[in-house]
Amino acid sequence: MNTLMDVLRHRPGWVEVKDEGEWDFYWCDVSWLRENFDHTYMDEHVRISHFRNHYELTRKNYMVKNLKRFRKQLEREAGKLEAAKCDFFPKTFEMPCEYHLFVEEFRKNPGITWIMKPVARSQGKGIFLFRKLKDIMDWRKGTAGKKLTSMEAQLARNTVNPSGSHDARSSDDQKEEIPVENYVAQRYIENPYLIGGRKFDLRVYVLVMSYIPLRAWLYRDGFARFSNTRFTLSSIDDQYVHLTNVAVQKTSPDYHPKKGCKWMLQRFRQYLASKHGPEAVETLFSDMDNIFIRSLQSVQKVIISDKHCFELYGYDILIDQAPWISTPHPWAFAPGDR
């Protein structure tokens with residue numbers, strides 16, 4: 001938010017509105033959107049920074065649900081070759097509702113690494129890797145415990161004492177109620193493309209001005225975010241090895257704040273061209289364009305498109321190096337951080 005305010009305040013001719021003054025452009029948060037959008041009159045030219053159901057693409061479970069549905073639609077309407085253009089996300093299960101499907105898949109491929117991510121958190125919070133079903137069983141027990149806590153609180157609120165009034169403890173129980181948090185379990189990309197032995201991902205920004213018709217702008221630059229520790233699969237508990245989020249890496253004991261862990265996208269392209277040639281780089285970035293287009297198409301009919309709304313998506317792209325191809329291949333993850 002500090003960066004955002006600095007940029008907007010330095011735009012020539014822009015003035016920050018105080019209190020309840022009239023405004024033309026509002027970088028609102030999602031809580032303001034929920035509370036005020038349907039009750040606020042807006043002039044024709046006014047713009048705000050979210051679509052009402054923006055979460056259809058920014059929440060990890062909804063993104064996967066929409067991509068799977070869109071892939072099936074493409075297969076029916078255009079064939080398997082066209083549908084294969086959506087094969088840029090790892091095998092994914094929503095937890096706990098698809099737990100049994102996950103276990104079935106897990107047992108088909110023993111020994112591989114999986115990653116668990118909360119569906120609605122960012123900056124690497126709550127993420128962990130695992131290889132044993134016991135680890136996921138422990139997580140599931142914790143989730144079941146949260147459900148039990150929630151149910152007990154509900155029962156407490158419905159308890160009536162002999163005098164006819166509700167039990168005073170119910171309000172305290174209600175405060176302590178813990179919502180059940182959904183996760184996604186994804187097959188971990190065990191062979192990421194490395195630079196200097198370190199894992200990285202790309203942050204690329206896409207601005208969507210309209211879904212009907214679909215109008216999107218790709219920002220020319222972006223950056224690569226590197227882990228601070230050399231990659232290895234021998235230690236799946238080390239977040240400094242596996243999570244490239246800056247919020248995680250800057251807490252590393254040997255993190256250098258002046259050097260940081262970023263490259264600008266142009267520098268990354270130059271490096272890749274020197275290693276693989278310019279044609280491979282163009283192919284890679286063309287494949288990334290396909291990720292942006294297909295993911296936006298997957299929610300085009302779902303998002304409530306409104307002329308006052310726009311959305312700036314920050315896509316996180318991980319690149320792997322599969323042994324059967326000569327050029328890197330991009331994988332997409334949820335564009336949840338904006």
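**Salt bridges, a positive patch and backbone details**

K65 comes out as partly exposed, with a relative accessibility of 43%. Its salt-bridge partner is a different story: K65 pairs with E56, and E56 counts as buried at 10% relative accessibility. The cut-off for buried is under 20% relative accessible area, so the 10% of E56 puts that residue in the buried class. In this pair, the closest N and O atoms sit 3.7 Å apart. All of this, like everything below, refers to a predicted model.

Zooming out, the protein chain has twelve helices and eleven strands. It runs to 338 residues, of which 42% are buried. As for contacts, take those in the protein chain with a separation of 6 or more: 64% of them are between residues 24 or more positions apart. The chain exposes about 19,600 Å², and carbon and sulfur atoms supply 52% of that area.

Back to the charges. A search of the whole structure turns up 14 salt bridges, and the E56–K65 pair is one of them. Another joins E75 to R71, with 3.1 Å between the closest N and O atoms. These two residues are four positions apart in helix α4, so about one helical turn separates them. Both ends of this bridge are partly exposed: E75 has a relative accessibility of 32%, while the value for R71 is 24%.

The bridge between D316 and R225 has its closest N and O atoms 3.4 Å apart. This one ties together distant parts of the chain, since D316 belongs to strand β10 (residues 311–320) and R225 to strand β8 (residues 214–226), with their positions 91 residues apart. Both partners are buried. The pair doesn't stand alone, either: through salt bridges with shared partners, D201, R203, R225 and D316 form one network.

Then there is the surface. K68, K72, R76, K91, K108 and R187 make up a positive patch. Helix α4, spanning residues 60–78, gives the most to this patch, with three residues. That is also the helix that holds the E75–R71 pair. K91, another member of the patch, sits in the loop between α5 (80–83) and β3 (92–95). With a relative accessible area of 43%, K91 is partly exposed; patch members need over 30%, so K91 clears that bar.

The backbone has a few details worth a look. The peptide bond from M95 to P96 is cis, with omega near 10°, and P96 lies in the loop between β3 and α6 (99–108). A cis peptide bond also joins I212 and P213, this time with omega at about -5°. P213 is placed in the loop between β7 (200–211) and β8, and β8 is the strand that carries R225 of the buried salt bridge.

Finally, Q123 has a positive phi, near 60°, despite being a residue other than glycine. Q123 is in the loop between β4 (114–118) and β5 (128–130). It is partly exposed, at 40% relative accessibility.

Technical notes: Residues are numbered from 1 along each chain as its sequence is written. This is a predicted model: local features need pLDDT of at least 70, side-chain atom pairs count only at pLDDT 80 or more; totals for chains, interfaces and linings use all residues. Side-chain values use heavy atoms; hydrogens and water are left out. Patches are made of residues with over 30% relative accessible area and no salt bridge: like charges are joined within 9 Å, nonpolar side chains (Val, Leu, Ile, Met, Phe, Trp, Tyr) within 5 Å. Accessible areas come from the Shrake-Rupley method with a 1.4 Å probe; for residues, only the protein chains shown count as cover. A salt bridge is a side-chain nitrogen of Lys or Arg within 4 Å of a carboxyl oxygen of Asp or Glu. Lys and Arg count as positive and Asp and Glu as negative; His and the chain ends are not counted. The place of a charge is taken as NZ of Lys, CZ of Arg, CG of Asp or CD of Glu. Buried means under 20% relative accessible area, exposed over 50%, partly exposed in between (1.4 Å probe, protein chains only). Contact means heavy atoms within 4.5 Å.
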